Amino acid sequence: MPSKQKVATFLRSKGFQILLISFAILALIPVLIRDSFFLFVFTLIFIFAIYAASWNFLSNSGQGSLGHAAFLGIGGFASAIIGSRLSVAIIITLKVDTMPIGALSVLLQIMVLLLGGLLSAGIGLLIGLACVRLKAWYLAMVTFGFSVIINTLSSQFDSFTNGIYGFAPAIFVPSGFPFYILVISFAVLSIGIMHAVMKSRMGLAFRAIHGNEAEAKMIGINTPKYKLIAFTISTFFAGIAGGLYVYFIRFVDNSIFSPANSFLPLIMSVIGGLGTVSGPVIGSIFLTSVGQILTTQPVTQGLSNTLGPFFPKVGYVGPPLTYLFIGVILIAIVVFSPKGLESLFRKFYKYLVS
Amino acid sequence: MDITAGTILLTLVWGIAVGCIYMLLASGLNIIFGVMKLVNFAHGQLLMIGAYATWAISVASGLNAYEAIFISMALVAALGVVVERLTFRKVLGTEKLNEIFVSLGLIYIFENAALLLWGDQSQRIVSPFAGLSFDLTAFSITYDRVVAMIVVVAILVAFGWLIYRTKIGLAMRATSQRNVTASLMGINIERIYMITFALGSAMAAAAGGLYGIIFTFNSQSGAMPTIIAFAIIILGGLGSIRGAIVGGLLYGIAEQMATLFLGGIWASAVAFALLIAVLIIKPNGLFGEKGE
């Protein structure tokens, strides 16, 4: 147990203050801008920020994954299934019509999300055991393969998962502002914890492995053990993000395991800035808002009216143009600014200061 | 469904026919990897574009589908040159991950450009042999699958001749062994890279034409073949041509057998399970040399 003094130093530490301040700022934003679409996009941004940060954390330990959607999906399905069973049990024992919403239900929601994360981490640990010996594209293929296999298993055991037609999870926290607060609490804590781990002795080992695995092994780091730990932590947070995502959009089906969802955190991390704390958040802000704004009704309608005649074969040009644009941005970032938007902002800031 | 010796034999032959297409795709990917040490995750999207190009050419000009394949190979090779010039050349020699990121960007661009140009309806190339099949006593097999096997073997033989009997092939092999030394011997390695990428793209386009004759396709059809081609060359060992051929056949047969015995949804899962099992036992593939 940490002593009283340690807790006191932690409360006075800079990291804790940054956590509190960022939480306060984020919580204030929707109070200032009262708009339901804005709140929707912002909630989604921070759910994906956790997801992208979990991928970024994995890449910091010299590993990668092209199948992270497997863990997003496991977290989502697990928390949705556990939550539904739990709410049915509560409704039966209390003899009420619907699930009562209050402080207790928020606690239950948090517990269910953590359970989803733990299950995801457990499966992540098993898959990680197969992955620690593999490198680069071998690892990319195997992780991708696992996401395909898990998707197939979810279809096969449909009577348990209901993944083919999908289902809506029970409601514990009302949508809108309360859910936003839940999401940003998780986002600030998750990103804070991952950052703290990277700053710790363990994080030093991760960075040594990232730098050069053979050398890390030579100076006595147990590389398989640390790679496995990094994989497990990353899949835990990916599972949490999955749970939040499912409870936020109030629907889950097998499409959550899609390759597009696997590529998402990678693209966010790269666009934002690989290996930095703010990179995944910046990437998520950029990609989620671009994706959401370009696919809203007025914008899609406008795009269809102006560009539609050039592409007579498709009824809607908004979504494909959005993804085309994302592809171009991704390549442009990798070619011209490999450190992502984060480094561009940094350069711009230096230019302003000087 | 009854599983008789005939159905198993038929599935085996189907597996070989499908495996031939994957083999061609994987060989294209493998030559690019072997010479340039470059991982192009958008290789299957070139197959999809090749299928669309073959379809568009044969619809627009009324050419025979198998003739249209050769024109589409030339077009996709040109596309490959442009892609190599504008994107991959800029990140070659930097961090390995950058190549994966660039290919992901290319996947987004190719898939959505195809969707915008050709719509979201599935297409199928009409073959001159549509509806014709060889009737053997135990089973029957369509002409198209037999022709696909013949075309693949012909292309692979021509490819082998190019690699082992011509000066360009010699230069490619030299670059593949050690590019710095090759450039000291007077080989223009950037030109070799360009030719290699064009060659690999043309092979993907040929695979695409054959794929479009046997299966229906749409703008998303490139994703699975990419992954399968990777699975094959990883199964066979990166950079090994013999490995790609054996891997392609094994994969095609495993996939078709899984469909027969377990049902369609298991096809890719079983193939990946095979891949993962091989990699856990031999982290460098069946015929692979020690990795980098």
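Between chain A and chain B of this predicted model, the count of residue pairs in polar contact, both at pLDDT 80 or more, is 0. A polar contact is a pair of N or O atoms within 3.5 Å; within protein, one must be able to donate a hydrogen and the other to accept it, and residues adjacent in sequence count only if both atoms are side-chain atoms. pLDDT is the predictor's confidence in each residue, from 0 to 100. The count of salt bridges between chain A and chain B is also 0, a salt bridge being a side-chain nitrogen of Lys or Arg within 4 Å of a carboxyl oxygen of Asp or Glu.

The two chains bury about 4000 Å² between them, 82% of it on carbon and sulfur atoms; buried area is the accessible area (1.4 Å probe) that two parts lose on being put together, summed over both.

Over all chains, 4 salt bridges are found. Lys227(A) forms one with Glu213(A), the closest N and O atoms being 3.1 Å apart. Lys227(A) has 3% relative accessibility and counts as buried (buried means under 20% relative accessible area, exposed over 50%, partly exposed in between; 1.4 Å probe, protein chains only). In chain B, Glu84(B), Arg89(B) and Glu190(B) are linked in a network of salt bridges. Glu190(B), at 43% relative accessibility, is partly exposed.

Residues are numbered from 1 along each chain as its sequence is written, and chains are lettered from A in the order in which they are written. Local features need pLDDT of at least 70, side-chain atom pairs count only at pLDDT 80 or more, totals for chains, interfaces and linings use all residues, and side-chain values use heavy atoms, with hydrogens and water left out.
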